[in-house]
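The following exercises concern the arrangement of helices and strands in a single protein chain. Please consult the sequence and the structure while working through each solution.

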Amino acid sequence: MNAAACRDVAFDTVIMVKQTPRRMLAAVQEVCGGSVLVPDETAREAAKVYVRVAAGQARRETQWKATDQWGADWSEEQREAVKRHTLERTREKVAGFRRWLDEEVGRNDGPYRRAAGSAQADLLAQEIAAEAFLDDETLVDRTAGDPLVLAQALLAGAEIVGSDNMVRVRSASLRRWVERAQAAGRFRDADPQFVRTGDEIVTARLYGGDEETLDGRIAAVAYGVCRPDEARDKDPRARWRILSGFAAHLEAGGMPETAKAIARCQDRWHGRTGKFMESLEHTAPRVQGTRESERRRTARECAGSETAG
C-alpha cells in the first residue's frame with residue numbers, strides 16, 4: 001500500500017449520505033489502516049440531507065409492497081395509504097440514520113471517528129470561506145456548511161473527500177492559503193491539496209505501480225464490501241452481477257474512475273467468471289468493521305417506531 005494510507009480522511013455531507021461511495025471509501029480506509037473522520041458539521045447536515053435519500057427508498061419500498069399486495073391498479077384509498085406509509089417510513093429511516101451516525105462516531109469497532117467542532121474551527125471556517133470559496137451570495141454564514149467541514153477536517157489532520165458541492169472551492173487559492181499557513185507554522189502535517197475526490201482517495205491508497213494491479217485491488221475491496229452472505233448466492237454469475245451492480249452504483253454516486261477500474265478487471269477475466277469469483281473469494285479483504293457498521297445502520301432504519309422515538 002501507499003504511504004498515503006496512514007492519513008485519515010473526513011467525509012463531506014454528500015459523501016456521508018451516499019451509501020455505495022461511503023461503504024467503498026470506509027472499506028478502503030479499513031484495509032489501509034486509516035480512520036474516517038465525521039466532522040460535527042457533516043453529521044449535523046447529513047441528518048437533514050438524508051431526508052431526500054430516505055424518501056426515495058421509502059417510496060420504492062412502499063410501492064413495491066403495495067403492488068405485491070394489491071396489484072398495479074390502486075384505489076384512491078390505497079393511494080392515500082401508500083402516501084401515509086411512505087411518509088412514516090421516511091421519518092423512521094431518517095431517525096434511524098441520525099441515531100446510527102451519533103452512535104458510530106463513539107464506537108471503537110467501526111470505521112468512523114468524530115472530528116469535533118470548536119471555536120477555533122468556527123474562526124478557521126471564516127478564514128477559509130474568505131480565501132478559497134467562490135463568491136456566492138448564498139454563503140452568508142461562514143461558520144456553517146462546507147467551509148466549516150473543511151475547517152474541522154483540517155484541524156483534525158485529515159484529507160477530506162469532497163463531492164459535487166465542493167465545486168465552489170477555488171482549489172489553487174486553497175492550496176496557496178495552506179502553503180502560506182504552513183510557512184507561518186500552522187497545519188504542518190496537512191497536504192496543501194487536502195480536498196480530494198473519492199476516486200483520488202481510492203487511487204492514492206491502493207495504487208500498486210500499474211493499472212492492472214490497481215484495478216485488481218479496487219475490485220477486491222469492492223467485492224469485500226458487497227460480497228453476499230456465505231449462505232446464499234453461491235452462483236458465480238450471480239456474484240459477478242452483484243459486483244457489476246456495485247460498480248454501477250459507484251459511478252452513479254460520483255466515483256466513475258473507481259467503477260471503470262472494476263469494469264476493466266472484469267473485462268480481463270471475461271469468459272472465466274467462475275475462476276475470477278473464486279479468486280476474489282480468497283483475496284477480497286473481509287472489511288468487517290465497515291460491513292458491521294452498515295448492518296447496524298440497516299437495523300436502526302428498520303427499527304420502526306422504536307427508532308423514531
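Four exercises follow, each with a worked solution.

**Exercise 1. Confidence of the model**

Determine which helix has the lowest mean pLDDT and which the highest.

Solution. The model is a predicted one, so the starting point is its confidence. The protein averages a pLDDT of 88, and 90% of the residues score at least 70. Among the elements, helix α14 (residues 305-308) has the lowest mean, 39. The highest mean, 97, belongs to helix α11 (residues 256-268). Next, consider the stretch covering residues 305-309, where pLDDT stays under 50. For these residues the model has 11 contacts beyond four places in sequence.

**Exercise 2. The sheet and the helices packed on it**

Establish the strand order of the sheet, then state which strands helix α3 and helix α6 touch.

Solution. Begin with the order: 5 strands form an open sheet, arranged β3-β2-β1-β4-β5, and the pairing is parallel. The edge strands, each pairing on one side only, are β3 (112-115) and β5 (195-196). Then take one pairing in detail. Strand β2 (residues 36-39) is joined to β3 in the parallel sense over 4 bridges, and V38 has R114 in β3 as its bridge partner. Finally, add the helices. Helix α3 (residues 40-70) packs on the sheet, where it touches β1 (9-11), β2 and β3; the direction of α3 makes about 70° with that of β2. Helix α6 (residues 146-155) also packs on the sheet, touching β1, β2, β3, β4 (159-161) and β5. The direction of α6 makes about 145° with that of β4.

**Exercise 3. Two helix crossings classified by angle**

Classify the crossing of α9 with α10 and that of α5 with α6 as roughly parallel, roughly antiparallel, roughly perpendicular or oblique.

Solution. For helix α9 (residues 211-226) and helix α10 (residues 236-252), the axes come within 10 Å and cross at roughly 105°. Angles of 65 to 115 degrees count as roughly perpendicular, and therefore α9 is roughly perpendicular to α10. The residues that meet are A219, A222, Y223, V225 and C226 from α9, with R239, I242, L243 and F246 from α10. Their classes are 8 nonpolar, no polar and 1 charged.

For helix α5 (residues 119-132) and α6, the axes come within 8 Å and cross at roughly 120°. This angle makes α5 oblique to α6. The crossing of α5 past α6 is right-handed. In α5 the contact includes L124, A125 and I128, and in α6 it includes L150, A151 and L154. By class, this contact has 11 nonpolar, 2 polar and 1 charged residues.

**Exercise 4. A contact examined by residue class**

Find how many nonpolar, polar and charged residues make up the contact of α4 with α13.

Solution. First, the geometry: the axes of helix α4 (residues 76-104) and helix α13 (residues 288-301) come within 7 Å and cross at roughly 140°. The crossing of α4 past α13 is right-handed. Second, the participants: α4 contributes R89, E92, K93, G96, F97, R99, W100, E103 and E104, whereas α13 contributes S293, E294, R296, R297, R300 and E301. Third, the classes: the contact has 2 nonpolar, 2 polar and 11 charged residues.

Key. Residues numbered from 1 in each chain as written. Predicted model: local features only at pLDDT ≥ 70, side-chain atom pairs only at ≥ 80, totals over all residues. Heavy atoms only, no water. pLDDT = per-residue confidence, 0-100. Contact = heavy atoms within 4.5 Å. Axes fitted to C-alpha atoms, helices over the stretch in contact; angles between N-to-C directions. Parallel < 35°, antiparallel > 145°, perpendicular 65-115°, else oblique. Nonpolar A, V, L, I, M, F, W, Y, C, P; charged D, E, K, R; others polar. Left-handed = near helix turned anticlockwise from the far one by under 90°. Pairing = 2+ DSSP bridges.
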